[in-house]
Structure formats: C-alpha cells, structure tokens
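Q: I would like to learn how to read surface and helix features in a model. Where should we start?

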Amino acid sequence: MDMDALMQQAKELQDKVAAAQDLLGKTSVKGLAGAGDCIVEMSGKYDLLNLTINPAILSRGADAVVDAVKTAFIDAKAKADATIDRIMGEATAGMPMPE
C-alpha cells in the first residue's frame, strides 16, 4: 500500500471517528432504578443530562436514595457503553486497524 493511500485511509477514519464522537455527544440514554424511583439521563460521552428522583423514595431515607441513584447510574452507563460500542464500531467498520 502506498503512502498516499494510507494517508487517505487515515483521514477517512479520523473524519468518521470525529462524526461518531459528535453523534455520541448528541445521544442520550436513560438508566432506571426500581419502578421509576430514580432516572439518570446521560449522553454518549457520559455527561449527566438529567437526574430525576421520585419524591416518594425520600421517605425511605438517604440510603434508599443513594442506592437508587447508583442503580440508575450503573444502568445508564451500561446503555451508554453499548451505544458507544455500536456507534464507534459502525464508524470504524471495514477500516484496517493497526495491530
């Protein structure tokens, strides 16, 4: 493979990855705890976009609130991870990756 073709491939990959990162910044996922006790909404770049806590959970105490937030965050992060894998996989599909 000649150097010009290699540079062109690198530029195409860079452009696709940049577009994928932009898309991830505009993508949101929601993580849930319980029956809506807590909802964490984050971007595909793990930025917190919104946090909703059902007021009814407050009567169960601080530990219940903390557990709900943790559970919703873990759920949202797992969904963001899956979204990142999918979007970045689509961006780099078919491109030879260095070993």
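A: Start with patches, which are built from residues with over 30% relative accessible area and no salt bridge, joining like charges within 9 Å and nonpolar side chains (Val, Leu, Ile, Met, Phe, Trp, Tyr) within 5 Å. A salt bridge is a side-chain nitrogen of Lys or Arg within 4 Å of a carboxyl oxygen of Asp or Glu. Here L48, L51, I53 and L58 form a nonpolar surface patch, with about 370 Å² of accessible area together (Shrake-Rupley method, 1.4 Å probe, only the protein chains shown counting as cover). The model is predicted: local features need pLDDT of at least 70, side-chain atom pairs count only at pLDDT 80 or more, and totals for chains, interfaces and linings use all residues. Residues are numbered from 1 along each chain as its sequence is written, and side-chain values use heavy atoms, leaving out hydrogens and water.

Q: Is I53 buried, exposed or partly exposed?

A: Buried means under 20% relative accessible area, exposed over 50%, and partly exposed in between (1.4 Å probe, protein chains only). I53, in strand β3 (residues 48-53), is partly exposed because its value is 32%. Strands (E, at least two residues) and helices (H or I, at least four) are DSSP runs numbered from the N terminus.

Q: Which residues of α1 are buried, and what covers them?

A: They are L13, V17, A20 and L24. Their cover includes β2 (38-43) and α2.

Q: Which residues does T83 contact, leaving aside neighbours within four places in sequence?

A: Contact means heavy atoms within 4.5 Å. T83, in helix α2 (residues 62-92), contacts L24, T27 and V29. T83 counts as buried because its relative accessible area is 13%.
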